[in-house]
Amino acid sequence: RSAQEMKHMENISSLLQGGSPGEYQRLDPKLEREAIAAPGEQPWEMIMDKKHFKLWRRPIEGTHLYQYRVFGSYTDVTPRQFFNVQLDTEYRKKWDSLVIKLDVIERDLATGSEVIHWVTHFPYPMYSRDYVYVRRYSVDKENNLMVLVSRAVEHPSVPEDPEYVRVRTYESQMVIRPHKTFDENGFDYLLTYSDNPQTVFPRYCVSWMVSSGMPDFLEKLHTAALKAKKMEIEVRDYMSAKPIESGGSEGKASMAAAEHKSDGTCSPAQLEYA
């Protein structure tokens, strides 16, 4: 479904494209709302129009919440780097100052699914929030597409902590389409996101927090990918699962990372760094 939504955005990208790659022009609002929504879907409302991305939202029926959608481009990092930086939990602890805790609780080697426990700061005076979610990713080399999907789950090893507010409704889908290849600069991405942070604030306040926080997060993610590109830090390569070559620095880094995982579910041969 995520891939189909990306295809829909690509089909209407000629309406959005400006004069330069990665830049978009503004359409008539009514035309744009109808264009962004797939047939039969509720229309989207644009709430941010920046040089390299657009942000929309739409109400989730029967709730006071919104679903958000970002469509944008980067031309100075590769799809592989952007993808890996999102998935590497250890690296995120370094570049995302809002992270209090971010751990892989369980990993299924057969499917690549991982259960994550994420604790994050929320703006004062709100309590910090914690999320338990399962994520799965797919790299479709035949169709030149990368997909990362996450949703909230329950897990027996992560009971609620009275220090945090547990977020039980959370869904995120990121689709990345390289302009050329996975290892050449340039790609489009589509991020669709919703959660229920369980605040007592009115919907417009929550919407403001999300719409202001999401661009900030994407910019931090982009900066982190640029640093990884410059080899300032090693990032796990989730696209590869090649056996480790003995004696190489990659092998040592992979072994160290495998030993760091306390759950014992990650085989060293599963780890590769780029």
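This briefing walks through the charged pairs, aromatic rings and buried helix faces of the structure above. Please keep in mind that the model is predicted. The structure holds 13 salt bridges, and the count of aromatic pairs comes to 15. Three of its helices get a closer look below, along with some of the side chains that join one part of the chain to another.

**Salt bridges**

- Side chains of opposite charge can pair when their charged atoms come close.
- A good place to start is R57, whose side chain meets that of E45 in a salt bridge, with 3.1 Å from N to O. Because R57 belongs to strand 2 (residues 53-59) and E45 to strand 1 (residues 45-49), this pair ties together parts that are twelve residues apart in sequence.
- The two partners differ in their surroundings: R57 is buried, at a relative accessible area of 15%, while E45 counts as partly exposed at 35% relative accessibility.
- D103 and K93 form another salt bridge, and their closest N and O atoms are 3.2 Å apart. Here the link runs between distant parts of the chain, with D103 in strand 4 (residues 99-107) and K93 in helix 5 (residues 89-95), ten residues apart.
- D103 is partly exposed, with a relative accessible area of 25%, and K93 also counts as partly exposed, at 33% relative accessibility.
- The D103 and K93 pair has company, since E90, K93 and D103 are linked in a network of salt bridges.
- R135 and E114 meet through their side chains in a salt bridge of 2.7 Å, N to O. R135 lies in strand 6 (residues 129-140) and E114 in strand 5 (residues 114-120), so parts that are 21 residues apart in sequence are tied together by this pair.
- Both R135 and E114 are buried.

**Aromatic rings**

- A pair of aromatic rings is described by the distance of the centres and the angle of the planes.
- Among the 15 aromatic pairs is that of F82 and F187. Their ring centres are 4.8 Å apart and their planes stand at 35 degrees, so the pair is tilted.
- F82 sits in helix 4 and F187 in strand 10 (residues 187-195), which makes this a link between distant parts of the chain, 105 residues apart. F82 and F187 are both buried.
- Y131 and Y170 make an edge-to-face aromatic pair, with 5.2 Å from centre to centre and 75 degrees between the planes. Since Y131 lies in strand 6 and Y170 in strand 9 (residues 170-178), the pair ties together parts that are 39 residues apart in sequence.
- Y131 counts as buried at 2% relative accessibility, and Y170 counts as buried at 9%.
- Y131 and Y170 also belong to a cluster, in which ring pairs link W118, Y131, Y133, Y170 and Y193.

**Charges over rings**

- Besides its salt bridge with E45, R57 has its charged end over the ring of Y66, 4.2 Å from the ring centre.
- W118, a member of the aromatic cluster, has R92 lying over its face, at 4.9 Å from the ring centre.

**A buried histidine**

- H222 is placed in helix 6 (residues 203-229). H222 is buried, with a relative accessible area of 9%.
- The side chain of H222 makes a polar contact with the side chain of D76, at 2.8 Å.
- Leaving aside residues up to four places away in sequence, H222 touches Y74, D76 and V77.

**Helices and their buried faces**

- Helix 4 (residues 79-87) is largely enclosed by the rest of the structure, because nine of its nine residues are buried. Among them are R80, Q81, N84 and Q86, along with P79, F82, F83, V85 and L87.
- Helix 1 (residues 2-11) has S2, E5, M6, H8 and M9 among its residues, and these are buried. Viewed down the axis of helix 1, the buried residues fall within an arc of 155 degrees, so they line one face of the helix.
- The face of helix 1 turned away from the buried side carries the exposed residues Q4 and N11.
- As background, an α-helix has 3.6 residues a turn, so residues three or four places apart point the same way.

How values were computed:
Residues numbered from 1 in each chain as written. Predicted model: local features only at pLDDT ≥ 70, side-chain atom pairs only at ≥ 80, totals over all residues. Heavy atoms only, no water. Salt bridge = Lys/Arg side-chain N within 4 Å of Asp/Glu carboxyl O. Helix = DSSP H or I, 4+ residues; strand = E, 2+ residues; numbered from the N terminus. Buried < 20%, exposed > 50% of the residue type's maximum accessible area, 1.4 Å probe, protein only. Polar contact = N/O pair within 3.5 Å; in protein donor to acceptor, adjacent residues only side chain to side chain. Contact = heavy atoms within 4.5 Å. Phe/Tyr/Trp six-rings, centres within 6.5 Å; stacked < 30°, edge-to-face > 60°. Lys NZ or Arg CZ within 6 Å of the ring centre and 35° of its normal. Arc of directions from axis to C-beta.
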